[in-house]
Amino acid sequence: MGAAEQPLDSTGGRLLTALLLVLTLCAFAGNSLLNRAALAEHTIDWASFTAIRLVSGAIMLALLLGFRHGRAVLPRGDTIVPAVALFIYAVSFSFAYVSLDAAIGALILFPAGQLSLQFIGMFRGIYPTPIQWAGLLLAIVGLAVFLAPGDTAPPLVGGLIMALAGIAWGFYSWAGKGAARPALATARNFVGAALLCLLLIPVLGNGDQVQPTGIALAVISGTITSGLGYITWYAVLPRLSVSTAAASQLSVPAIAALGGVLLLGETLTTRFFIGSAMIFAGIGLTMFKLSVFKPR
């Protein structure tokens, strides 16, 4: 084991990983709160928020990493998949929050991302144990119960679009597990996604709706809770198993729900708690590797 890897196995290295993971999960919840706050108050349209979020994050990361490495930060061939995934995630994320509360959006987003991570793992030959299969099915049923028609159901279109954002986030996270230089990879992904996102402004953007408050919230989302948050996410991903990376995000809907209630005046329904319990329990089971159930 090299000297650079040694701290990761020490107590201090594990504590650092845990701290970075907590900060990252709080940043993810912050993205939901910032996006919903901007759109709920009609201080910006969803396309402009997405474009400003990605462009501001790309500029900050490109300058930061460009100075550090002494060269321009530009997309490369190996950043095509994560950059496109980041673009699809960011666009779907903001569009869904036109109609979804912060807590509801997070509850759909992260289970969808976690499930996609598990299915990508299976495609790559990492098979769940029987108890993990049961957990996946329970999580899928919980998500279906939450989205099922009814008086307290979230808007179906918004829910499906957020599920698409979660699937894209799963692909982005999987790509991050193989990143040799997490910070540089994140910067390149952001630059690539920002170039794609610039197409949104003339086609879908509504300049009349853009206000300073909305711009400020989008910039904070792009530079801090997205740009810096994704750097820490890519930094901790290589130290986590696929199941741990997926299940660790279970806390994000809870953080977003608390923030939505305290900061945005949102209310939580019985459907939310039932769906949350099923989803959390299901994804939680995917973390178990009992000795009597050997992975194939």
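**Figure 1. Lining of the largest cavity in the predicted model.** The residues Phe28, Asn31, Tyr89, Phe93, Leu109, Phe110, Trp169 and Tyr230 line the largest cavity of this predicted model. The volume of the largest cavity is about 50 Å³. A search of the whole structure returns one cavity of 30 Å³ or more. At least two lining residues come from each of helix H2 (11-40), helix H4 (80-96) and helix H5 (102-123). Sorted by class, the lining comprises seven nonpolar residues, one polar residue and no charged residues. Rolling a probe the size of a water molecule over the atoms reveals where empty space remains.

**Figure 2. The ring pair of Tyr89 and Phe93 in helix H4.** Both residues belong to the lining of the largest cavity. Tyr89 and Phe93 lie four residues apart in helix H4, about one turn of the helix. Their ring centres are 5.3 Å apart and the ring planes meet at 45°; the pair is therefore classed as tilted, since this angle falls neither under 30 degrees, as stacking requires, nor over 60, as an edge-to-face arrangement requires. Tyr89 is counted as buried because its relative accessibility is 4%. Phe93 is likewise buried, at a relative accessible area of 0%.

**Figure 3. The aromatic cluster.** The count of aromatic pairs comes to 14. Ring pairs join Phe28, Tyr89, Phe93, Tyr97, Phe110, Trp169, Tyr172, Phe190, Tyr230 and Trp233 into a cluster. Members of this cluster include Phe28, Phe110, Trp169 and Tyr230, and these four residues also appear in the lining of the largest cavity.

**Figure 4. The largest pocket and its lining.** The volume of the largest pocket is about 220 Å³. Its lining consists of 14 residues, of which Arg76, Asp78, Thr79, Ala179 and Ala185 are the closest to the pocket centre. Helix H8 (residues 182-197) makes the greatest contribution to this lining, supplying four residues. By class, the lining of the largest pocket divides into seven nonpolar, three polar and four charged residues.

**Figure 5. The salt bridge between Asp101 and Arg36.** A search of the whole structure identifies one salt bridge. In this salt bridge Asp101 is paired with Arg36, and the closest N and O atoms are 3.6 Å apart. The pair connects distant parts of the chain, with Asp101 in the loop between H4 and H5 and Arg36 in helix H2, 65 residues apart. Asp101 has a relative accessible area of 23% and is therefore partly exposed, whereas Arg36, at 14%, is buried. The limit that separates these two classes is 20% relative accessible area. Side chains of opposite charge can pair when their charged atoms come close.

**Figure 6. Two cysteines, Cys26 and Cys197.** The search of the whole structure finds zero disulfides. Cys26 is counted as partly exposed because its relative accessibility is 39%. Cys197, in contrast, is buried, with 0% relative accessibility.

**Figure 7. The backbone at His42.** The phi angle of His42 is positive, at about 55°, although His42 is not a glycine. His42 is placed in the loop between H2 and helix H3 (46-69). The relative accessible area of His42 is 53%, so this residue counts as exposed; the class requires a value over 50%.

**Figure 8. The approach of Leu285 to Ala139.** Although 146 residues separate Leu285 and Ala139 in sequence, their C-alpha atoms are 9.3 Å apart in space. Leu285 is located in helix H13 (residues 270-285). With a relative accessible area of 25%, Leu285 counts as partly exposed.

**Figure 9. The helical framework surrounding these views.** The chain has 13 helices and zero strands. From the N terminus on, the order of its elements is α-α-α-α-α-α-α-α-α-α-α-α-α. The chain contains 296 residues, and 52% of them count as buried. Among the helices shown in the preceding views, H2 and H5 take part in lining the largest cavity, and H8 takes part in lining the largest pocket.

Note on methods:
Residues numbered from 1 in each chain as written. Predicted model: local features only at pLDDT ≥ 70, side-chain atom pairs only at ≥ 80, totals over all residues. Heavy atoms only, no water. 1 Å grid on protein atoms, 1.4 Å probe; cavity = no way out; pocket = protein on both sides within 12 Å on 5 of 7 lines; lining within 4 Å. Points joined across faces, edges and corners; volume = space filled by probe spheres on them. Nonpolar A, V, L, I, M, F, W, Y, C, P; charged D, E, K, R; others polar. Disulfide = S-S within 2.5 Å. Buried < 20%, exposed > 50% of the residue type's maximum accessible area, 1.4 Å probe, protein only. Phe/Tyr/Trp six-rings, centres within 6.5 Å; stacked < 30°, edge-to-face > 60°. Salt bridge = Lys/Arg side-chain N within 4 Å of Asp/Glu carboxyl O.
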